[in-house]
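Got your viewer open and a selection box ready? Let's go through this one stop by stop.

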Amino acid sequence: MGSGVSGLAGGNILDKLTKGHYVEGSPGQYTQEAAMVIQGVQDVLKDFGMEDNLRGIYYHDKTVTGQKMSASMNGFGDLSISPKYLSEGENKSDYTVSDTFYGSGAHEAGHNVINSLLGKVQIEGDAKSDNLKRATARSKGKLEHAILLEAKKRNGGQNPPISRYGSTKEIEKIAEAVSDVYANKSNANPYSKIIVGAMKDINN
């Protein structure tokens with residue numbers, strides 16, 4: 001697991017992290033902040049053996065539907081980062097498990113990992129699920145639900161909360177667990193570690 005990019009020159013580390021990737025737009029003066037988000041994404045993907053999942057990096061402040069955004073990563077491996085979000089700094093909050101840029105990147109990578117794991121599991125009786133069935137399973141949250149059921153079993157039947165944001169949806173609970181494990185490391189919630197362990201067992 002990575003240790004972030006604190007103490008490193010923002011521009012230099014950002015160039016290194018984005019080398020070989022399509023990049024559109026710019027983080028402006030917030031190169032170190034952007035590097036922290038990207039480092040969080042890359043550390044998670046690398047640990048899962050999915051480092052090639054990151055396809056491109058896009059800097060813009062709103063989603064395609066015009067909504068405000070911070071950072072997001074879709075199933076195709078496109079990472080979007082808002083320069084405005086970077087400019088606001090790491091504001092303390094009890095809503096997410098980590099209020100760092102690194103933790104935000106790790107959270108988004110968690111979503112991408114789930115999308116990739118769908119290609120490795122049996123869905124609705126098919127040994128190899130086609131894209132349509134994977135998309136259907138993804139939209140219904142079937143894999144996330146199965147992971148949390150397994151984690152609950154491993155945790156003595158208990159399914160405690162990870163964060164307030166993680167309590168909104170099962171998909172966010174898993175992403176928050178990933179963020180917790182990679183951003184908070186030894187201080188992570190033990191249940192977050194169990195959830196990530198269940199994800200890794202699918203990946204092996």
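Start by selecting E150: in this predicted model E150 is partly exposed, with a relative accessible area of 29%. Now add R154 to the selection. R154 is also partly exposed, at 39% relative accessible area. Show both side chains and you'll see them meet in a salt bridge, with N and O 2.7 Å apart. Colour helix α6, residues 142-154, and you'll find that E150 and R154 both sit in this helix. They are four residues apart there, about one turn of the helix.

Keep R154 on screen and bring in D201. The side chains of D201 and R154 form a salt bridge too, at 2.6 Å from N to O. D201 belongs to helix α8 (residues 190-203) and R154 to helix α6, so this pair ties together parts that lie 47 residues apart in sequence. As for cover, D201 counts as partly exposed, with 42% relative accessibility. Select the trio together: E150, R154 and D201 are linked in a network of salt bridges.

How many salt bridges does the count come to? The answer is six, and the next stop is another one of them.

Select R55 and D78. Their closest N and O atoms are 2.7 Å apart, making a salt bridge. This pair links distant parts of the chain: R55 is in the loop between α2 (31-47) and β2 (56-59), while D78 is in strand β4 (residues 78-81), 23 residues away. Is each partner buried or exposed, or something in between? R55 is partly exposed, with a relative accessible area of 47%. D78, on the other hand, is buried, at 11%; the cut-off for buried is under 20%.

Stay with D78 and extend the selection along β4. Which way do the side chains go? D78 and S80 point one way from the strand, L79 and I81 point the other way, and all are buried. That fits the general pattern: in a regular strand, side chains alternate between the two faces of the sheet.

Next, look at what sits beside β4. Add β2, which pairs with β4 in the parallel sense over four bridges. For a spot to zoom in on, I57 stands opposite L79 in β4. Now add strand β3, residues 71-73. β3 and β4 run antiparallel, and three bridges join them. Pick S72 here, and its bridge partner in β4 is S80.

Follow the backbone through the hairpin of β3 and β4, where four residues lie between the strands. Stop at G77 and check the backbone torsions: G77 takes a positive phi near 90°.

Time to zoom out and switch to cartoon view. The protein has eight helices and four strands. Trace the elements from the N terminus and you get α-β-α-β-β-β-α-α-α-α-α-α.

For a last pass, colour by accessibility. Buried residues make up 44% of the 204 residues. Turn on a surface if you like: the accessible surface comes to about 10,400 Å², and 49% of it belongs to carbon and sulfur atoms. If you'd rather draw a contact map, take the contacts with a separation of 6 or more: residues 24 or more positions apart account for 60% of them.

Key. Residues numbered from 1 in each chain as written. Predicted model: local features only at pLDDT ≥ 70, side-chain atom pairs only at ≥ 80, totals over all residues. Heavy atoms only, no water. Salt bridge = Lys/Arg side-chain N within 4 Å of Asp/Glu carboxyl O. Helix = DSSP H or I, 4+ residues; strand = E, 2+ residues; numbered from the N terminus. Buried < 20%, exposed > 50% of the residue type's maximum accessible area, 1.4 Å probe, protein only. Pairing = 2+ DSSP bridges. Contact = heavy atoms within 4.5 Å. Areas by Shrake-Rupley, 256 points an atom, 1.4 Å probe, with all protein chains shown as cover.
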